[in-house]
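Here are my notes on the two-chain model you passed along. Have it open while you read, and shout if anything looks off.

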Amino acid sequence: MCHDCGCQEANKNYFEKIPHGSTVPQHRHDHHHHHEHQDHHHENIQMHPIKNIHLEQNVLKKNNDIAHLNHHWFHDHKVLAINMMSSPGSGKTSLLERTVKDLGSVVNMVTLVGDQQTDHDALRIKKQGGLVKQITTQSSCHLNAQMIADELGSFVKEDTELLFIENVGNLVCPSAFDLGEQKRVALLSVVEGEDKPVKYPVLFNRADLILITKTDLQPYIDWDESLCFKYIKKVNPHCKIIRISTRTGEGIEEWYQFLKSSLCV
Amino acid sequence: MHELSIAEQIVSQSLASIQSYEVHRVLSIEINVGILSGVVPECLDFVFPEACRGTLLEGTQLVIHGIPLTLKCSSCGKISQQEQIQICCSHCLSSRVEIIDGKDIIIAKMEFD
């Protein structure tokens, strides 16, 4: 629908519109609008010569530059940083609780947890003996590279072997912001439905590992696994997939194997 | 709605880019949005005027060009484009492809007087 005059424009190429801050429709319609000549303010346009500059600037450059520095910091200090991304409630914190409990005495690990509000997740991980810090993002729907940079060398010590970054539960926004991590892990619980990888393809495309979580619930729901795997292959054809349940322990050893083999040596 | 953060970046980078010019009005900013950038054009379009408020960019037209995926196939060596996020070569259907475009959000051009 056209923002300016409310007309329906079927099959219109969205990307051709829209002038902002104007009450006058200025974009081209297939039907005819007649505008009075004085609506167009030609006298203003002719006052100064029009200049064009070509820029080719990446809009995320600032975040990407900081992420790049984070990446170097991780590399120089041999820290494996893992960005955990999923929708809310898919089991990120449960998996980290279990991981901290099982590997906490073997691997020097810390966790940064992003949520808009509360320190509930951090308290759960702390209860299992984990060193953890909550980042409350307030109105922001994702973590950005600066939020991680602020913790490097202070909360995240130089001798850390493994840094988990539990991103804000959201299948859309976190995928656009590189944090400098070496590995991205996407979680998808069986109760969310098989088609999430194609509904939210950016996040699943960028994952190095996809965990199918809460597999213990599979007997109680309609979950077509081959369909889910087909969708994953469409957006990320060679991604490693592990089925996992923190309740039954399915896939846990394979997850630990992934972590151990990814550690920087 | 991370598009507001993106819109704010567009505003600050655009203003920085025209600092050395004498500018009366910025008529338009053209940006290229890759379909694998994670940015929803409709949302960006919606929040852009808000990000411009109180700056020289108030009233500036944001022109968004959708950039499809460009893939280079390791199996047949050809370049193909996908309008949807489907990581496979449209010539030989191989999934052994490298993404060479469609991931970024780029400020391409500004027009001002």
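The points below start with the ground rules, move to the interface and end with some local details.

1. Ground rules first. This is a predicted model, where local features need pLDDT of at least 70 and side-chain atom pairs count only at pLDDT 80 or more, while totals for chains, interfaces and linings use all residues. Residues are numbered from 1 along each chain as its sequence is written, chains are lettered from A and ligands numbered from 1 in the order in which they are written, and side-chain values use heavy atoms, with hydrogens and water left out.

2. How many residues does each chain bring to the contact? Chain B brings 48 and chain A brings 39, with contact taken as heavy atoms within 4.5 Å. About 3900 Å² is buried between the two chains, and carbon and sulfur atoms give 58% of that. Buried area here is the accessible area (1.4 Å probe) that two parts lose on being put together, summed over both. On the chain B side, the residues losing the most area to chain A are His2(B), Asp45(B) and Ile85(B), together 12% of what that side buries.

3. If you go hunting for salt bridges across the interface, the rule finds zero; it asks for a side-chain nitrogen of Lys or Arg within 4 Å of a carboxyl oxygen of Asp or Glu. Polar contacts are another story: 13 residue pairs turn up across the interface, both partners at pLDDT 80 or more. A polar contact is a pair of N or O atoms within 3.5 Å; within protein, one must be able to donate a hydrogen and the other to accept it, and residues adjacent in sequence count only if both atoms are side-chain atoms.

4. Which elements of chain B supply the side that touches chain A? α1 (3-17), α2 (41-52), β2 (61-67) and β6 (105-112) of chain B each supply at least two residues, and β6(B) gives the most, with eight. Helices (H or I, at least four residues) and strands (E, at least two) are DSSP runs, numbered from the N terminus.

5. β6(B) also pairs across the interface: six bridges join it to strand β1 (residues 51-58) of chain A, and the two run antiparallel. Strands pair if DSSP finds at least two bridges between them. In this pairing, Asn52(A) sits opposite Glu111(B).

6. Is β3 (residues 69-73) of chain B largely enclosed or open? Four of its five residues are buried, so β3(B) is largely enclosed by the rest of the structure. Buried means under 20% relative accessible area, exposed over 50%, partly exposed in between (1.4 Å probe, protein chains only). Four antiparallel bridges join β3(B) to β4 (residues 79-82) of chain B, with Leu71(B) partnered by Ser80(B). Another strand, β5 (residues 97-101) of chain B, is joined to β3(B) by four antiparallel bridges, and there Lys72(B) has Glu98(B) as its partner.

7. Some backbone angles are worth a look. In the hairpin of β3(B) and β4(B), with five residues between the strands, Gly77(B) takes a positive phi near 80 degrees. Lys78(A) is not a glycine, yet its phi is positive, near 55 degrees; this residue is in the loop between α2 (61-76) and β2 (80-85) of chain A and is partly exposed at 45% relative accessibility. Lys214(A), also not a glycine, has a positive phi of about 60 degrees. It lies in the loop between β7 (209-213) and α8 (225-235) of chain A.
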